[in-house]
Amino acid sequence: MTILDEIITVKQTEVRELLQSKRKFAITKKTHSLTKRIAEAGQMQIIAEIKRASPSKGDIQTNIHPVEQAIMYEKCGAAAVSVLTDASFFKGSMNDLKAVAEAVEIPVLCKDFIIHPIQIDQAKAAGASIILLIVAALSKQQLQELYAYATANDLEVICEVHDIEELSTALSLNPAIIGINNRNLKTFAVTLQTTKNIAQQINNPNTMIISESGIRSRSDAMLARDAGADAILVGETLMQSSNIQHTFQQLQLDRRKKNAR
Ligand SMILES: O=P(O)(O)OC[C@@H](O)[C@@H](O)c1c[nH]c2ccccc12
């Protein structure tokens, strides 16, 4: 059993409990657009993550205050804040997301393992503007249904892929945003080569590409940018930084010209 299988088993239990609880989630919440921010930006954008711990790294930073961290990210020019809401493996919570979404004016990404529409209702009610759908964690049908459900609810979706096969599944949705995860969620192996290999296969110049995971330095950011990334998603490096502003400056780069992919 891979770690991804383990996580999905826990999610199935969480979904069952949510459904049994008959909790109702608020349906009206204004959302902010990540695609708009990316389209209007001259620089490659940074999506900055709140991540206390992870299954691959254990504790990363357990005593930060999510709201203060998110406000700092916003001040430094983050395009969006990603909040890990999974409790069992990442020590996050939906309350973190809610508190962050109330405190910032930029879009907030609910970073979780979504397998059921009720999690989308919950994320939206907590203030998320964007959700993540992990192709490796879903059947084709689940992916299609969840994608349609989220977009019908005015949420933006990052369709996350790790290999070419997952990319072709994702592309069948004609998604606005593809997230290329440099970390294999089954083995935890990280290589930025993944962004390069996969981005090459994305021919639609309007599809936004986010390079996710393992970005530590300016040269990593350059590699992602040169591979065609419109944005990078950075967790650990920012969570462990003693000077977030400086780390942002290191990672901020001008965009490559469109069509140069
Ligand atoms: O901390 P990193 O290596 O900068 O990675 C951030 C982000 O990409 C990573 O947290 C992530 C990407 N996809 C995910 C899916 C589930 C959980 C976590 C993730």
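In this predicted model, strand β1 (residues 45-50) runs parallel to strand β4 (residues 80-84), to which it is joined by 4 bridges, and within β4 the bridge partner of Ile47 is Ala80. Strand β1 also pairs with β10 in the parallel sense, again over 4 bridges, and here Ile47 stands opposite Leu233. Strand β1 is mostly covered, with 6 of its 6 residues buried; Gln45, Ile47 and Glu49 point one way from the strand, whereas Ile46, Ala48 and Ile50 point the other way.

Strand β10 (231-234) is also concerned with the ligand, since β10 and α10 (236-239) each supply at least two residues of the surrounding shell. Of the 15 residues around the ligand, those that come nearest are Glu212, Ser213, Leu233, Gly235 and Glu236, and the shell as a whole divides into 4 nonpolar, 5 polar and 6 charged residues.

The largest nonpolar core comprises 73 residues, and those with the most contacts inside it are Val81, Ala128, Ile131, Leu133, Ile210 and Ile232. The element that gives the most to this core is strand β6 (residues 130-134), with 5 residues. Beyond its neighbours within four places in sequence, Ala128 is in contact with Leu97, Ala101, Val108, Leu109, Cys110, Ala123 and Leu155.

One of these partners, Ala123, is a buried residue of helix α5 (residues 117-126), in which Gln119, Ile120, Gln122, Lys124 and Ala126 are buried as well. The cover over the buried residues of α5 includes α1 (3-21), α4 (94-103), β5 (108-111), β6 and α6 (140-152), and just after the helix Gly127 adopts a positive phi of about 110 degrees.

Note on methods. Residues are numbered from 1 along each chain as its sequence is written. This is a predicted model: local features need pLDDT of at least 70, side-chain atom pairs count only at pLDDT 80 or more; totals for chains, interfaces and linings use all residues. A nonpolar core is a set of buried Ala, Val, Leu, Ile, Met, Phe, Trp, Tyr and Cys residues joined through C-beta atoms within 7 Å. A residue is buried if 20 or more other C-beta atoms lie within 10 Å of its own, exposed if 12 or fewer, and partly exposed in between; C-beta atoms are placed from the backbone. Two residues are in contact if their C-beta atoms, placed from the backbone, lie within 7 Å. A residue is near a molecule or strand if its C-beta atom, placed from the backbone, lies within 6 Å of it. Ala, Val, Leu, Ile, Met, Phe, Trp, Tyr, Cys and Pro count as nonpolar, Asp, Glu, Lys and Arg as charged, and the others, Gly among them, as polar. Two strands pair if DSSP finds at least two bridges between them.
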